[in-house]
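Here's a quick briefing to read with the model open in your viewer. Take it topic by topic and click along as you go.

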Amino acid sequence: MKNSSIARIFQDMADLLELKGENIFKIRAYRRAAQVIEHLPQEMEVMREQGEDFQRIPGIGEAIAKKATELITTGKLEAYETLKAEFPDGILELMEIPGIGPKTAYRLATELMITSVEKLEQAITEGKVAELFRMGDRTAQNLLRQIQSMRRKDQRVPIGEVLPVVEDILEMLRRHPKVKNMTSAGSLRRFRETVGDIDIMGTADDPESVINAFVTFPQVKEVIAKGPTKASVILLPGFQADLRMVEHDSFGSLLQYFTGSKQHNIILRTKAQKKGLKLSDYGITDTTTEVLEKFSTEEGFYHRLGLQYIPPEIREDQGEIELAEAHAIPDIINPEDVMSDLHVHSNWSDGADSIEDMALWAKNLGYRYIAITDHSRGRGIARGLTEERLMRQIQEIHRLNQNLKGIRILSGIEVDIRADGSLDMPDRILAGLDIVIAAVHSSFNQSQEKMTRRIISAIENPHVDVIGHPTCRLIGEREPTEVDMETIFNAAVNHRKALEINAMPDRLDLKDIHVYRARELGAMFAIGTDAHNRGQLTLMRFGVGIARRGWCEKKHVLNCMSFEEIMTFTRR
DNA sequence: GCCGTTTTCGGCCCGACTGTTTTCAGTCG
């Protein structure tokens with residue numbers, strides 16, 4: 001059983017225990033465990049095979065370790081089944097609706113026999129919900145709206161869809177004459193691959209005028225709530241955004257608070273408490289004097305706690321607070337460190353623009369070199385290069401390199417890894433290229449054993465430098481392939497091959513926790529946009545965001561090497 | 001249920017909002 005499923009079950013158990021009125025701290029223990037497991041950089045199945053002790057994971061003790069083991073070995077959990085049987089069906093589904101917690105869900109299920117969202121909708125319409133004690137018409141109507149908005153939103157939105165919209169809005173807000181600060185917070189600022197609600201925070205001399213301007217922006221489809229310091233709207237693409245205007249002198253602590261993650265903040269508070277400090281979104285209170293200290297910057301806030309500043313992308317309770325105490329936060333990669341794009345297509349295969357155009361645009365982005373990596377001919381890939389066309393392309397790149405100033409082009413290929421693990425281009429051809437990305441583009445449904453073996457074969461080929469989009473997932477469209485990631489990472493480390501962080505926003509493959517784990521094992525990474533036209537070269541920042549979430553430093557990323565260094569790396 | 005330079009018991013993060021009722025429970029971030 002995968003970590004995500006294990007986490008889901010512990011999350012459900014927390015909800016069920018809450019319904020039962022269990023000890024709140026027991027419930028929190030389950031929630032924490034669920035969250036920790038979901039963000040583990042390694043599958044628990046694999047950890048078990050390697051004989052690792054789950055109890056060494058913070059937040060997992062004897063009881064939960066045992067339950068996790070039961071889930072992994074039997075696929076079921078006795079305690080969970082028993083617990084589920086105590087409650088009406090559908091009650092967990094009701095708790096998914098914002099505004100319905102355990103108490104309300106239990107009352108709806110037992111007093112009105114509601115067992116699904118549909119039945120709840122019906123009961124509200126018939127006025128039955130409003131008649132319940134301590135409920136009212138207003139509450140009922142709000143629930144109805146939440147149900148409708150839940151259907152509309154469906155789920156979290158990929159960061160690739162959210163970020164451009166939010167950046168437009170931020171720019172418009174910053175142009176407002178009264179605005180001093182304006183930034184996004186929440187999971188968007190932490191650069192998670194999907195984003196729930198969007199939080200925007202700012203300060204201004206006349207906050208209300210900023211709120212008034214915000215709700216009339218053309219991107220706003222519907223205004224849900226609007227007050228003097230806060231507004232909630234639905235944007236045209238369908239997702240919700242909250243703008244919160246705060247005081248200048250507490251902007252830092254509020255931004256910190258609303259950036260999260262929740263778990264990061266909880267750990268911060270627990271630690272602060274031991275030092276006699278109380279944290280809240282308004283600042284830090286000394287519990288002996290009850291004096292509240294405010295912070296206009298996040299840096300000031302962290303420093304007051306004796307901590308080094310922690311970049312938003314790594315505020316996920318993965319040990320960053322302990323490192324910040326020791327002033328040992330790694331110097332993670334920045335967008336300006338990137339000197340190249342290592343996965344670029346041209347109109348020689350399925351790209352839209354010429355090699356020269358791609359190179360010139362890359363130069364404008366400040367890059368020193370790019371790798372042209374068109375597809376090989378492999379089945380199903382549009383206009384893949386034959387041996388003969390690849391040879392001509394190499395000559396064309398040679399010619400361009402003699403004429404172009406300020407940018408170098410690496411001749412490369414994205415060679416298909418066939419279903420049997422062989423490559424779609426002979427070794428003698430691959431040997432003549434500057435860089436070779438090998439990637440899977442077919443037979444995605446192979447067994448884990450077969451797929452793992454298939455990728456290992458590619459890693460073992462001496463001419464391959466990078467494994468492209470290792471899991472082949474498309475966010476919201478195609479599930480990742482079944483691969484034993486740990487084995488792949490170890491093989492890549494042993495053969496000194498890089499793993500790709502594909503920056504295409506619907507791929508982000510490897511994903512954050514994979515990068516974190518592979519880096520721990522000693523892997524190198526190549527960030528590539530997989531650009532199929534000039535404009536897509538700017539998608540690099542999505543790859544950098546994932547690298548940052550995986551705690552990558554410059555030294556872990558091929559793109560940060562000089563031209564000479566990368567040629568040495570690929571020619572080894 | 002987890003955790004420990006407060007170690008095997010006794011703690012465990014904090015505040016605001018909403019809708020209801022008249023002092024607060026429930027939910028959320």
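How many bridges join strand β9 to β10, and in which sense do the two run? Three bridges do the joining, and the two strands run antiparallel, with β9 covering residues 283-286. Keep in mind that this is a predicted model. From that sheet we'll move on to the DNA, then the salt bridges, then the cysteines.

**The β8-β9-β10 sheet**

- The open sheet here is made of three strands, ordered β8-β9-β10, with antiparallel pairing.
- β8 (277-280) and β10 (291-293) sit at the edges with a single partner strand each, so each has one side without a neighbour in the sheet.
- From one strand to the next, the twist averages 25 degrees.
- For background, strands of a sheet pair through backbone hydrogen bonds, and that can happen in a parallel or an antiparallel way.
- Four bridges hold β8 and β9 together, again in the antiparallel sense.
- Those two strands, β8 and β9, make a hairpin, with two residues between them.
- If you want a pair to click on there, Ser280 has Gly283 in β9 as its bridge partner.
- Over on the other pairing, Thr285 is matched with Leu292 in β10.
- Side chains alternate along β8: Leu277 and Leu279 point to one face and are buried, whereas Lys278 and Ser280 point to the other face and are not buried.

**Around DNA strand B**

- There are 40 residues around DNA strand B, and the ones that come nearest are Gly59, Gly99, Thr104, Gly136 and Arg269.
- Of the DNA strand B atoms that come within 4 Å of the protein, 70% belong to sugar and phosphate.
- Which elements help build the surface near this strand? At least two residues each come from α2, α4 (62-74), α7, α9 (137-153), α14 (262-274) and β8, so β8 from the sheet above turns up here too.
- Gly99 uses its backbone: one of its N or O atoms lies 2.5 Å from a phosphate oxygen of DNA strand B.
- Gly136 also has a backbone N or O atom by a phosphate oxygen of DNA strand B, at 2.7 Å.
- Thr139 works through its side chain, with a polar atom 2.8 Å from a sugar or linking oxygen of DNA strand B.

**Salt bridges**

- Searching the whole structure turns up 34 salt bridges.
- One of them pairs the side chains of Arg32 and Asp317, with N to O at 3.2 Å.
- That pair ties together distant parts of the chain, 285 residues apart: Arg32 is in helix α2 (residues 24-38), and Asp317 is in the loop between α15 (298-304) and α16 (320-325).
- Arg32 is partly exposed, at 23% relative accessibility.
- Another salt bridge links Glu193 and Arg473, side chain to side chain, at 2.8 Å from N to O.
- This one also connects distant parts of the chain, 280 residues apart, with Glu193 in the loop between α11 (186-189) and β3 (194-195) and Arg473 in the loop between β15 (466-467) and α21 (485-494).
- Are Glu193 and Arg473 buried or exposed? Both are buried.
- For a local example, look at Arg107 and Glu111, whose closest N and O atoms are 3.3 Å apart in a salt bridge.
- Both sit in helix α7 (residues 102-111), and because they are four residues apart, about one helical turn separates them.
- Arg107 is partly exposed at 23% relative accessible area, and Glu111 is partly exposed at 45%.
- There's a network as well: salt bridges link Arg190, Glu316, Asp512 and Arg549.

**Cysteines**

- How many disulfides does a search of the whole structure find? Zero.
- Cys552 is in no disulfide, and the nearest cysteine sulfur to it belongs to Cys560, 9.1 Å away.
- Why isn't that a bond? The sulfur atoms of a disulfide must lie within 2.5 Å of each other, and the sulfur of Cys560 is 9.1 Å from that of Cys552.
- Cys560 is likewise in no disulfide, with Cys552 supplying its nearest cysteine sulfur.
- Cys552 is buried, at 0% relative accessibility, and Cys560 is buried too, at 10%.

Note on methods
Residues numbered from 1 in each chain as written. Chains lettered and ligands numbered in written order. Predicted model: local features only at pLDDT ≥ 70, side-chain atom pairs only at ≥ 80, totals over all residues. Heavy atoms only, no water. Pairing = 2+ DSSP bridges. Axes fitted to C-alpha atoms, helices over the stretch in contact; angles between N-to-C directions. Buried < 20%, exposed > 50% of the residue type's maximum accessible area, 1.4 Å probe, protein only. Salt bridge = Lys/Arg side-chain N within 4 Å of Asp/Glu carboxyl O. Near = heavy atom within 4 Å. Polar contact = N/O pair within 3.5 Å; in protein donor to acceptor, adjacent residues only side chain to side chain.
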